[in-house]
Protein chains: 2
Amino acid sequence: MSRYRQRMSFRHPERDAIRVDAVLSALGNPVRLAAVRSLDKDGDRNCGNLLAEIGVSAKSTMTHHWRVLRDAGVIWQHQHGREYQLSVRREDLDARYPGLLDAILAGAARDEAA
Amino acid sequence: MSRYRQRMSFRHPERDAIRVDAVLSALGNPVRLAAVRSLDKDGDRNCGNLLAEIGVSAKSTMTHHWRVLRDAGVIWQHQHGREYQLSVRREDLDARYPGLLDAILAGAARDEAA
DNA sequence: TCGATAGTACTAATACTTGCGTACGATCGA
DNA sequence: TCGATCGTACGCAAGTATTAGTACTATCGA
């Protein structure tokens, strides 16, 4: 009997269960904001791709951040073979909070330029 | 010699020093989001007014939240007699992150309605 | 001048966050 | 079938956030 729980597919909140304070809290962390910017700019990715790009050294650290973003309803994370496909939940976020994600991403781009 | 530092006027970040991740992190807390919604809806207030409205029991708790919002560049807080006038830094936020504050406030209103 | 009021400063307890090392399960490819 | 790979699960350590009690300063008004 293993000490480790068997991995199963993740729980993602329904669109209607997304809350703006959770979204803001999730994106209010520089590592997660950078991750979502990358996902939005360059399309879907697996976890390892982004790890190097964001400059985080430990896989387990990003596993934590993916969970926060997933639980807040910001990203989808689905298993695909032995990789996990990541994508921004743009349809859901834009439907529920029109203009929010674009304003945030534009703001992050502006901060970076300055 | 008192153990307590004398109060002086607060440091507010310059418009150019505001960072979107700090704004999101500040507004990613339900108490602070509610406070900013009240300020935006009903105009400038002092601290005590909002205390009751938001349902926070201790003044010192709100003192902490005002500091977080102030440091993030979300609110102005200026002494006026023995009260402190609070207001949303709408001009600065709208100039730096167009549409962000409106999207957030609309989102909070939507969440509340649901 | 003096009591009441507004709201901060400080302290502390508790809970949550972030980061990473290590153990592991599942899958791929040779 | 077996080693390499992907990325999670778990656990720990250090840091930060949240809340509130109490001490305090400054100001207002009678």
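**A chat about rings, charges and the contact of two chains**

Reader: Before anything else, how many aromatic pairs are there over all chains?

Author: The structure, which is a predicted model, holds 2 aromatic pairs over all chains. One of the pairs that can be named is formed by A:Phe10 and A:Tyr84, whose rings are tilted, at 5.6 Å centre to centre and with 45° between the planes.

Reader: And where do A:Phe10 and A:Tyr84 lie in chain A?

Author: A:Phe10 lies in the segment before α1 (20-27) of chain A, whereas A:Tyr84 lies in strand β2 (residues 83-88) of chain A, so the pair ties together parts that are 74 residues apart in sequence.

Reader: Switching to charges, how many salt bridges does the structure hold over all chains?

Author: Over all chains there are 20 salt bridges, and across the interface of chain B and chain A the rule finds 2.

Reader: Ok, which side chains meet in one of those?

Author: One of them is the salt bridge in which the side chains of B:Asp111 and A:Arg96 meet, at 3.1 Å from N to O. The pair crosses between chains, with A:Arg96 placed in helix α5 (residues 90-96) of chain A and B:Asp111 placed in helix α6 of chain B.

Reader: What about polar contacts, how many residue pairs between chain B and chain A?

Author: Between chain B and chain A the count is 10 residue pairs in polar contact, with both residues at pLDDT 80 or more.

Reader: Which helices of chain B supply the side that touches chain A?

Author: On the side of chain B that touches chain A, at least two residues each come from α1 (20-27), α2 (30-42), α5 (90-96) and α6 (100-113) of chain B. The largest share of that side comes from α6(B), with 7 residues. Sorted by class, the side of chain B that touches chain A has 14 nonpolar, 4 polar and 5 charged residues.

Reader: And how much area is buried between the two chains?

Author: About 1800 Å² is buried between chain B and chain A, and carbon and sulfur atoms give 61% of that area. The contact takes 23 residues from chain B and 23 residues from chain A.

Reader: Last one: what turn lays chain B on chain A?

Author: A turn of 180°, with a shift of 0.0 Å along the axis, lays chain B on chain A with an RMSD of 0.0 Å, and that is the relation of a two-fold axis. The same surface serves both copies, since 100% of the contact residues of chain B recur in chain A.

How values were computed:
Residues numbered from 1 in each chain as written. Chains lettered and ligands numbered in written order. Predicted model: local features only at pLDDT ≥ 70, side-chain atom pairs only at ≥ 80, totals over all residues. Heavy atoms only, no water. Contact = heavy atoms within 4.5 Å. Buried area = accessible area lost by both parts, 1.4 Å probe. Salt bridge = Lys/Arg side-chain N within 4 Å of Asp/Glu carboxyl O. Polar contact = N/O pair within 3.5 Å; in protein donor to acceptor, adjacent residues only side chain to side chain. Helix = DSSP H or I, 4+ residues; strand = E, 2+ residues; numbered from the N terminus. Nonpolar A, V, L, I, M, F, W, Y, C, P; charged D, E, K, R; others polar. Least-squares fit on C-alpha atoms with pLDDT ≥ 70 in both. Phe/Tyr/Trp six-rings, centres within 6.5 Å; stacked < 30°, edge-to-face > 60°.
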